[in-house]
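The following exercises concern one protein structure. Please study the sequence and the model before reading each solution.

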Amino acid sequence: HYIYGDSPLSAEEIAAQYEDAILENAISNQEEIEYKDWLELGIASIKSKKAGTNTILKYFTNAIKENFNYILLLFYYSNEYENSELKNLAVQYCLDEISINPNNTDAYYCLALMYHNMNVYSSAVKYYQKAFDNLKNNAGLYYNLGLVNKAMGKTNESKLFFQKAMEIVPEITQKENTTAEMFLDIELLSRKIIINFKKSNYFPD
């Protein structure tokens, strides 16, 4: 693994080297690549701008088999590195999953978060509501429904959702810039996902 902070190389050069190293190691040792490695490969590939779209999507697809929520990482890093094609593919991946598996609550919620992040509020509400049946005690869902209704000018509805969120998690408030914002912040969600598996030194703090 490559240490990000002290390296004289650019982030793109480090990512390219990391991508090559992990693939070469798997080939030379004839080992099956684990889901965390597929995920790191996908992120490194986006950063390096070296791999093609289909290759990056393959990396993430292999990781998503472990946890569907990893699709948010594809969305976040595609947005961060201004790759609109991959960003749109992340949205389409969720839509395709829903058509195949209409009971996948994670797919509805991830899709809602993406649309909310893109300020496509009507679609965000639609998919938050689709996720609602299996997430009735999820404070983040109520809070995000409050945010999106507030953005749409539906003040009364937003207050009801905020109130419900606060009943579940009392420290949630309607004030801006609180920890409650983490429910919508794709970057914070992405970092939370990353620390759920053993991080390499590649990821900066």
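**Exercise 1.** Which residues in α4 are buried?

*Solution.* The model is predicted: local features need pLDDT of at least 70, side-chain atom pairs count only at pLDDT 80 or more, and totals for chains, interfaces and linings use all residues. Residues are numbered from 1 along each chain as its sequence is written, and side-chain values use heavy atoms, with hydrogens and water left out.

Step 1. Helices (H or I, at least four residues) are DSSP runs numbered from the N terminus. Buried means under 20% relative accessible area (1.4 Å probe, protein chains only).

Step 2. The buried residues of α4 are I71, L72, L73, L74, F75, Y76, Y77 and S78.

Step 3. Helix α4 covers residues 71–80, and because eight of its ten residues are buried, it is largely enclosed by the rest of the structure.

**Exercise 2.** State which residues have the most contacts inside the largest nonpolar core, and which helix supplies its largest share.

*Solution.* Step 1. A nonpolar core is a set of buried Ala, Val, Leu, Ile, Met, Phe, Trp, Tyr and Cys residues joined through side-chain atoms within 4.5 Å.

Step 2. The largest such core has 43 residues, and those with the most contacts inside it are F60, I71, L74, M114 and Y128.

Step 3. Helix α6 (105–117) is among the helices that each supply at least two residues of this core. The largest share, nine residues, comes from α6.

Step 4. Contact means heavy atoms within 4.5 Å. Leaving aside neighbours within four places in sequence, M114 is in contact with I71, L72, F75, A90, V91 and C94.

**Exercise 3.** Describe how α8 and α9 are arranged.

*Solution.* Step 1. Axes are lines fitted to C-alpha atoms, for helices over the stretch in contact, and angles run from 0 to 180 degrees between N-to-C directions. The axes of α8 and α9 (residues 155–168) come within 8 Å and cross at roughly 160 degrees.

Step 2. Angles over 145 degrees count as roughly antiparallel; therefore α8 is roughly antiparallel to α9.

Step 3. Residues of α8, including Y142 and L147, meet residues of α9, including F162 and A165.

Step 4. Ala, Val, Leu, Ile, Met, Phe, Trp, Tyr, Cys and Pro count as nonpolar, Asp, Glu, Lys and Arg as charged, and the others, Gly among them, as polar. By class, the contact of α8 with α9 has nine nonpolar, three polar and three charged residues.

Technical notes: Buried means under 20% relative accessible area, exposed over 50%, partly exposed in between (1.4 Å probe, protein chains only). Angles under 35 degrees count as roughly parallel, over 145 as roughly antiparallel, 65 to 115 as roughly perpendicular and the rest as oblique.
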